[in-house]
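Visitor: I have a structure open and I'm not sure how to read it. Could you walk me through it, feature by feature?

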Amino acid sequence: MLQETEILKLIENGENSYVEFKEEAVSNKKIAQELIAFSNHKGGYLLLGVADDKRITGLVKDGNEERIMNISDDLISPPIYPTYYELKIDNKRIAVIEIEPGVNKPYFIPKGQGKIFNPNEIYIRQGSKTRKIKSRDELQRLFQASGNLQFEISPA
């Protein structure tokens with residue numbers, strides 16, 4: 001769990017491969033995309049209640065923890081389990097969502113209620129940006145990173 005001084009340093013340094021800022025009004029799908037990108041990468045921090053320009057906008061509504069956990073469980077396949085906590089900085093609440101690197105890569109937003117694999121909704125972190133994977137090779141690397149694809153036992 002990060003302390004206030006560490007959070008302020010993250011905010012001061014801005015968004016990067018491991019840090020993303022979002023305001024409270026962001027859509028659930030956008031949060032899911034960020035959580036997926038961090039899980040498919042090397043983990044990171046999503047700071048909810050911080051604007052892209054590093055301003056602390058804060059959280060007004062209650063229930064943000066439940067919202068994040070529902071997104072993690074319902075909109076992402078396989079489900080991820082981030083750590084969530086809130087802090088007060090400058091008399092404003094912000095949420096810190098810590099995402100570990102995933103072990104069941106690739107994580108994605110599934111098609112329909114049946115949690116059907118959807119290669120069009122797989123996201124990765126590239127610098128300070130979250131983007132969709134663009135190629136079969138990127139998808140293979142995610143499978144290999146999870147141990148689900150081993151090239152040395154694939155037929156040649």
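Guide: Let's go through the sheet, the cores, a few single residues, a hairpin and a ring pair. Keep in mind that this is a predicted model.

Visitor: Let's start with the sheet. How many strands form it, and in what order?
Guide: There are 4 strands in an open sheet, and the order across it is 1-2-4-3, with mixed pairing. At the edges you'll find strand 1 (19-22) and strand 3 (83-89), each of which pairs on one side only. From one strand to the next, the twist averages 20°.

Visitor: Which way do strand 3 and strand 4 run relative to each other?
Guide: Strand 3 and strand 4 (residues 92-99) run antiparallel, joined by 7 bridges. To find your place there, look for Tyr85, which stands opposite Val96 in strand 4.

Visitor: And how should I think about the side chains along a strand?
Guide: Here's the general idea: in a regular strand, side chains alternate between the two faces of the sheet.

Visitor: Which strands does helix 3 lie across?
Guide: Helix 3 (residues 64-75) lies across strand 2 (44-48), strand 3 and strand 4. Its direction makes an angle of about 150° with strand 3.

Visitor: Now the inside. Where is the largest nonpolar core, in terms of residues?
Guide: That core has 21 residues, and the ones with the most contacts inside it are Ile31, Leu35, Leu48, Ile76, Ile97 and Ile99. Helix 2 (28-40), strand 2, helix 3 and strand 4 each supply at least two of the core's residues. Helix 2 gives the most, with 6 residues. Apart from this core lies another one, of 14 residues, including Leu2, Ile11, Val19 and Val50.

Visitor: Can we zoom in on Leu35? What does Leu35 touch?
Guide: Skipping residues up to four places away in sequence, Leu35 touches Leu46, Ile71, Ser72, Ile76, Ile80, Ile97 and Ile99.

Visitor: Let's try a lysine. Is Lys22 buried or exposed?
Guide: The cut-off for buried is under 20% relative accessible area. Lys22 has 12%, so Lys22 is buried. You'll find Lys22 in strand 1, and its side chain makes a polar contact with the side chain of Glu20 at 3.1 Å. Not counting residues up to four places away in sequence, Lys22 also touches Lys30, Glu34, Leu46, Leu47, Leu48, Gly49 and Val50.

Visitor: Then what about Lys92: where is Lys92 found?
Guide: Lys92 is in strand 4. Its relative accessibility is 35%, so Lys92 counts as partly exposed. The side chain of Lys92 reaches the backbone oxygen of Ile56 at 3.1 Å. Leaving out residues up to four places away in sequence, Lys92 touches Ile56, Thr57, Gly58 and Leu87. Take Thr57: Lys92 and Thr57 are 35 residues apart in sequence, and their C-alpha atoms are 7.3 Å apart in space.

Visitor: I'd like to see a loop residue too. Which loop holds Leu59?
Guide: Leu59 sits in the loop between strand 2 and helix 3. With 8% relative accessibility, Leu59 counts as buried. Beyond its neighbours within four places in sequence, Leu59 is in contact with Glu24, Leu48, Gly49, Asn64, Tyr84, Glu86, Arg93, Ile94 and Ala95. Look at Arg93 in particular: Leu59 and Arg93 are 34 residues apart along the chain, with 5.3 Å between their C-alpha atoms.

Visitor: On to the hairpin. Which strands form it?
Guide: Strand 5 and strand 6 do, with 2 residues between them. Strand 5 (residues 123-126) and strand 6 (residues 129-132) pair in the antiparallel sense over 4 bridges. You can follow the partners across: Tyr123 is bridged with Lys132, and Ile124 with Arg131. In the turn, Gly127 has a positive phi of about 65°.

Visitor: Last one: how do I read a pair of aromatic rings?
Guide: In general, you describe such a pair by the distance of the centres and the angle of the planes. This structure holds 1 aromatic pair. The ring centres of Phe108 and Phe117 are 4.9 Å apart and the planes stand at 80°, so the pair is edge-to-face.

Visitor: Are Phe108 and Phe117 buried or partly exposed?
Guide: Phe108, at 6% relative accessibility, counts as buried, whereas Phe117, at 35%, counts as partly exposed.

Note on methods. Residues are numbered from 1 along each chain as its sequence is written. This is a predicted model: local features need pLDDT of at least 70, side-chain atom pairs count only at pLDDT 80 or more; totals for chains, interfaces and linings use all residues. Side-chain values use heavy atoms; hydrogens and water are left out. Two strands pair if DSSP finds at least two bridges between them. Axes are lines fitted to C-alpha atoms, for helices over the stretch in contact, and angles run from 0 to 180 degrees between N-to-C directions. Contact means heavy atoms within 4.5 Å. Buried means under 20% relative accessible area, exposed over 50%, partly exposed in between (1.4 Å probe, protein chains only). A polar contact is a pair of N or O atoms within 3.5 Å; within protein, one must be able to donate a hydrogen and the other to accept it, and residues adjacent in sequence count only if both atoms are side-chain atoms. A nonpolar core is a set of buried Ala, Val, Leu, Ile, Met, Phe, Trp, Tyr and Cys residues joined through side-chain atoms within 4.5 Å. Rings of Phe, Tyr and Trp (its six-membered ring) pair if their centres lie within 6.5 Å; planes under 30 degrees apart count as stacked, over 60 as edge-to-face and the rest as tilted.
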